[in-house]
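User: Please take a close look at one part of this model for me, namely its largest nonpolar core. Which residues have the most contacts inside it, and where does it lie?

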Amino acid sequence: MSKRLFFVSFLTIAMLLFAACGGKAPAEEAVSTEAADAADTADSAVEDEWGYITIPAGEKVVLGLSSALSAGYAAYGQDMLNGATVAVQTFGDLNGWEVVVEGGDDQCEGAPGVTVAEQFSANPYLVGVVGPMCSGTAIPAMDIYAENHVLMITPSSTAIPVTAAGNQNVFRIVANDDLQAQVAVDYLFNVLGLTTLGIVHDQSIYGQGIAEAVKAKFEAAGGTVTGLEGITRGDTDFSAVVSTILEANPAAIYWGGMDAEGALLVNQLRAAGFEGVFFGPDGIKSIPSFVDAAGGAAEGAYMTFGAVGGATGYDEFLTKFTEQFGDPIAYGPGSYDAAMIILNAAKAVATVDSDGNLVIPKKALADAVRAAPYDGITGHLEFDENGDLKVVSITVFQAQGEELVPVKVYDFGQ
Amino acid sequence: MKNKNRLTTKLDQRLLRTVLPALISVIILSIPLFNFPQQNLWIRIIGYAGLYIILGLGLLVHVGLAGMFDLGFAAFYAIGAYTCAFLASPHFNIHLPFLVVILIAGVLAALVGSLICIPVLKLRGDYLGIVTLGFGEIVRMLLMNLTDITNGSQGIIQIDKPIILGLNFSNGKYFYYFIFALVALLLFLLNRVINSRTGRAWLAMREDEDVAQMSGIDTSKYKILAFAIGAFIGGLGGAIFASWQGSIFPDNFNMNVSINILCVIILGGLGNQMGVILGAMALIALPDILRGFSDYRMIIFGLLLIIMMILRPQGFLPRKAPKFEENSSGLPDTKKEVQS
Amino acid sequence: MQKIIEQLINGLTVGSFYALIALGYTMVYGVLSMINFAHGDIFMVGAYFGCFTITQLSKSGFAESNPALAIIYTFAAGALGAALTGVTVERLAYRPLRKASRLSTLISAIGTSIFLEEFVRLVPKFGSMISSIHFGEQYIFPASWRSAIVKVTQTFGGAMVKAYPGILGTEGIKLGGVSISYSRILIMAVAIVFMVLLYLLVRFTKLGKAMRAVSEDKETASLMGINVNRIISSTFFIGSALAGIAGVMMGIFYLQIRTTMGFTPGIKAFTAAVVGGIGNIPGAMLGGYLLGLAEVISVQFLPAVYKDIVAFAILIVMLIVKPTGILGGSGGKNKL
C-alpha cells in the first residue's frame, strides 16, 4: 500500500507541477507599465534604459540602508545607520525635496536581506541603497537590486564575488579581502620581518575568506604558515585552538574574524604565554569592543582598515556624529561616504519635469557614480568598471594604550 | 452555560477550519494576479512563508504525526539545498533541469533521513530531540568544513534559476506559484496518508508507543517511513530555497532554522496541516510585517509570541480528536486498556 | 603529558559552566517537564547584572582595596538579578500555559528568549526614552535623575560587547610544570561549592523534599498540602540564580559579555542535561563535565573545527548506548 502510494505521489507531484506551471503564466505587466509611465514623465531627458525614479512635490526622497539593526551585530548596523543619517543632515535637500534615511534590518543574513532588497526596490521614491553590511547578505540581495536597477553602494561587504558579477548598479567603497590580505602579509613579512605565521579564523564567509587569502599570500611570499585553525562564532573558550596553534611556536598570529571573538582569542593567546604579533582585519578595529574587551591583552595588536582620519572633512563629520551618537565604531564614516556619493550623483542627474515632479534617471545615476570621482572622508573614491575602487588605501593600525595609531598607509591601484 | 461554551467553541472551530483557510487561499492566490506597488515584496514575504509551510509539513510528519521530536530538521533542508546547488550551478559545472534536481534532492534527504533514523529507533522524547539536534549541527558543520566539496563558508553562488516548460523562473512570481502548487499537492497527499493504514499506525504510535507495539504495529518500520517522508519534503524545500535565493551558505541552515520550523507547527496547532499554514504566516511573515517598528521589531515579535501562546495555548488549530476516540472519550483510561 | 593535563583542566573549567547552566535546565524540567529555552538568556542577564555591579565597584576604587568582597557582591548581584528574572518569566510567560502541551511552553520560552536579548540590547534606548518624558516644557523627572537614568541604563546594557573589569589577572599557581590561573581555580571552586549546596538542599531540606514531590507528581503533591506554585517559583529562583552565577563566572574569566552570549552555552548545557539524564540533578553535573572534556579531548586528535562535531557525535553514541541518559532521567516518557 505505502509503496504504491509513494510511487503515485511521485508521479502526481511531477505532473501537477507541470500543469501548475504551464497553466499559470502571468505576463510581466508590471515591468512594461512601469516603463511606459517612465517614458511619459521623461519628456526632457534622453530616454533611460533602466527607467526613472519620479518623486512628486511634497514627497520625500528615500535613501535606503541595509544592515543588521537587531540581534548580535546591531552595534555595527546602527553605526552605519548613524553615518548615513549624518550624511543626509549634511547634504540637506535634493533640489528642494527632503531626504530621509530608511533603515532595513537584514540581520546580517541572506533571507531577511533579500526581503529588505525587495522592500527597497518596491519603494518608488528610493534613490539608492547604502549596504548591505555583510557579504553573505550582499551576494543574494545583489540580484534583486540588479533586477530592479537600484543603485547600491556597500561600505563594508569585502567578499570578492560582490563586485565580480559585474553588475552595473553595484559599487563598493572598501578594499576587498584580497587586498587586506596583501597588506597584512606585506606588513608581517617585509616590514616586521616575520617568517612564521599561525592563522585562526571564525568559519564565516568574511573571516575564513580573508584567512585563506592571507595563507596563500604568506606562503607565496616565502613564509611558513604553521597552522590554520577555525573556531565557532559565539563560542567563548578557544584554549584548545590556542594550544594547538601555539605548538609550532609561530612568530605571529593572524586572526580572520570579528572583534568579539578576536578579543577573546588575543586574551587567551596572551594568557597561554604567546608573545608574538597579533594581526587582524578591519573587523577588529574598535576600541570598546576589541581593545577594551581584551582587557589589556590587545596592546600592540595590528589591524588593517580603509584610511580614515586623514582625509578632508573627517573632523567636521566626527563632531556631528559624536554630538548625536557617541564615537563611530567601524563603518559609520564609510556609510557616510556611500550616502554622500548616492546623493551627489542624484543631484547631478535629477531634473524637475513639467508636472513639478523630481525625476532621476536610474542608469544615468549609476553612470554618474561611476564617472565622477568623489573626495570623501575615507579618501579619494573613484570607481572602475566593476564598481570597485580604482585606488584603495589601506592603513595598518596598532593598538597603543587607549588609541589605535596608524603606522603605515598602503595605496593600491586595483 | 456549559452548552453555550461548547457552542461558541464549535462555531469558533468551524470558523477556523473552513472560513479562515478559504480566506487565506484567496489572499495567497490574488497577490500575484493584481498589480500593486509593493507586489514583489509581498510575493517574497508570502512566498517565503510558503516555503516554511512546505518545511512545516515535513516536520509535521516527524513531530505531529509520528510523535518523534526533531530539533534538527534544518539538516534535511540543507541536504536538499546543497544537492540543488551541486547539480545546477557552475560549482561542478553540472546543470540538470530543476524538476530532476528537486526530486533527487528529496530522495537524497529521505535516504539520509532513514539512515539516521535506524540507530535511534529506541530513543524517545527529548533524547531523540537531542540526537536530531546534534545531527543537524553535524550536517551544518560538515558543510562548513568539507571545503573541497561544499566550498565551505564561502558558499555556492550563481545557482541556476529553474526553467520549467520553457518558463524561466527569473521572476519571483513563478517561484510563488510553484511553492503554493507544491503546498496544495502536499496537503492533498498528506491527507491521504493520514487516513491510510500508515496514518493510523502513526497515531497509535504517537499516543502510546508500547501499546502500539503490543498491538502488532511494526513501529520501527513506521518510524523510518515517517522520517523518510518528512525528510523528503524537507529536501524539496531546500532545493526551492537554493534556486530561489541563487546562493547558499552553511549559515543559512543553522539551528535557528530548525527551531523556527518547529515553532511554525506548534503555533499552528501541532498535528493539523491547515494549522501549519497559519503558523507559517504568523511566524515567518510577522517579522517582516513588523518592519515599521524598526529597532523595536524583534522585541515586539518576542512579546507577540508569548501573548499568542497564552491566548491560544493549543495553537491556532488544535489537533482534531481522532474519530474512534470520540465514542470512548467518557470512559476511564483503565477500561480502554482492558478493551485492547 | 603536561599539555594533556592542561587540556583536562581546561575541559573541567568549560564543564563547570555547562554543569551550572545544565542544573537550571534539569531542575525546571524536573518540576514542569518543559525545556526552558530562555535559560541561556537568564544566564546572560545574570552576567549583565554582575557586570554593572563590578563596573561600579571598580570605578569607585572599592574593587581594588577589597577584591574579595567585590567578587562576592558581583556574584550576589548576578545571582539575584538572574533569579528575579527567572521567577518573573515563569510567572508571566509559563504559568498561564501550565495546562497546555509542553511544546506550547517551548514557543513561549523562545519568545521570552528573543525578548530578553533584545531588551538588554535596548535598555539604553528605553533609558533615554524614560528620561525625556515631558508634558509641554516640563520634564517629569528632575535633571539630576534624568542624567542618572541615562547613565545607569548605558552602563547596564546596549548593543556593544561589554568589557568586564579584570580583577584576577592572569597569575596563578604552578603545579609541577602545569600552571593554573587563579580565575580558573575560582571558577571550578565556585561551581563545585554551589553544586554541593544544591545537592544538600534538594536532598536534606523541607524545600528540597517538596521539590522532589512536585517533580514526582504535581497533583498528589498538592493534595499533600504542598503549595505547588510556590515550589515551582522556588525552583526557578534557584535554577536561575545558578545560571546567574555561571554568567558572572563567564564575565570574570573571559572578560567580556554580549547579549547573544547565552545561546551557545545554553544549547550545550541543555545537551549536557539530556545526556546526564534530564530531570536528574547529579546527571546534569556529570553531563556538563563530560561535554567539557569531550570537547577538549577531540582537539587532540582532529583539527579544532571538528570539535563540536566530535562532541555531538560522542553524545549521540552515548545516547544510543544508553537511551535515557547516563544516570537515567524522565525525558523519554513525556508525550509531545
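Analyst: What follows describes the core and then the parts around it. The model is a predicted one.

The largest nonpolar core has 368 residues. Those with the most contacts inside it are L63(A), A84(A), A339(A), I342(A), I54(B), A19(C) and L20(C). Helix α2 of chain B, residues 39-65, gives the most to this core, supplying 18 residues. Both domain 1 (53-175 + 309-389) and domain 2 (178-306 + 396-412) of chain A give residues to the core, so it lies between them.

I342(A) can serve as an example. Leaving out residues up to four places away in sequence, I342(A) touches L63(A), V127(A), G128(A), L151(A) and I153(A).

Next come the two domains of chain A. Taken over C-alpha atoms, their centres are 30 Å apart. In domain 1 of chain A, 12 residues are in contact with 10 residues of domain 2 of chain A. The domain 1 side of this contact has six nonpolar, six polar and no charged residues.

Chain A also meets chain C: 31 residues of chain A are in contact with 30 residues of chain C. On the chain A side, α3 (74-91), β8 (224-230), α9 (239-246), α10 (259-271) and α11 (287-292) each supply at least two residues. The most comes from α10(A), with six residues. By class, the side of chain A that touches chain C has 12 nonpolar, 14 polar and five charged residues.

Definitions and conventions
Residues numbered from 1 in each chain as written. Chains lettered and ligands numbered in written order. Predicted model: local features only at pLDDT ≥ 70, side-chain atom pairs only at ≥ 80, totals over all residues. Contact = placed C-beta atoms within 7 Å. Helix = DSSP H or I, 4+ residues; strand = E, 2+ residues; numbered from the N terminus. Nonpolar A, V, L, I, M, F, W, Y, C, P; charged D, E, K, R; others polar. Domains from an automatic or database assignment. Core = buried A, V, L, I, M, F, W, Y, C linked by C-beta atoms within 7 Å. Buried ≥ 20, exposed ≤ 12 C-beta atoms within 10 Å, placed from the backbone.
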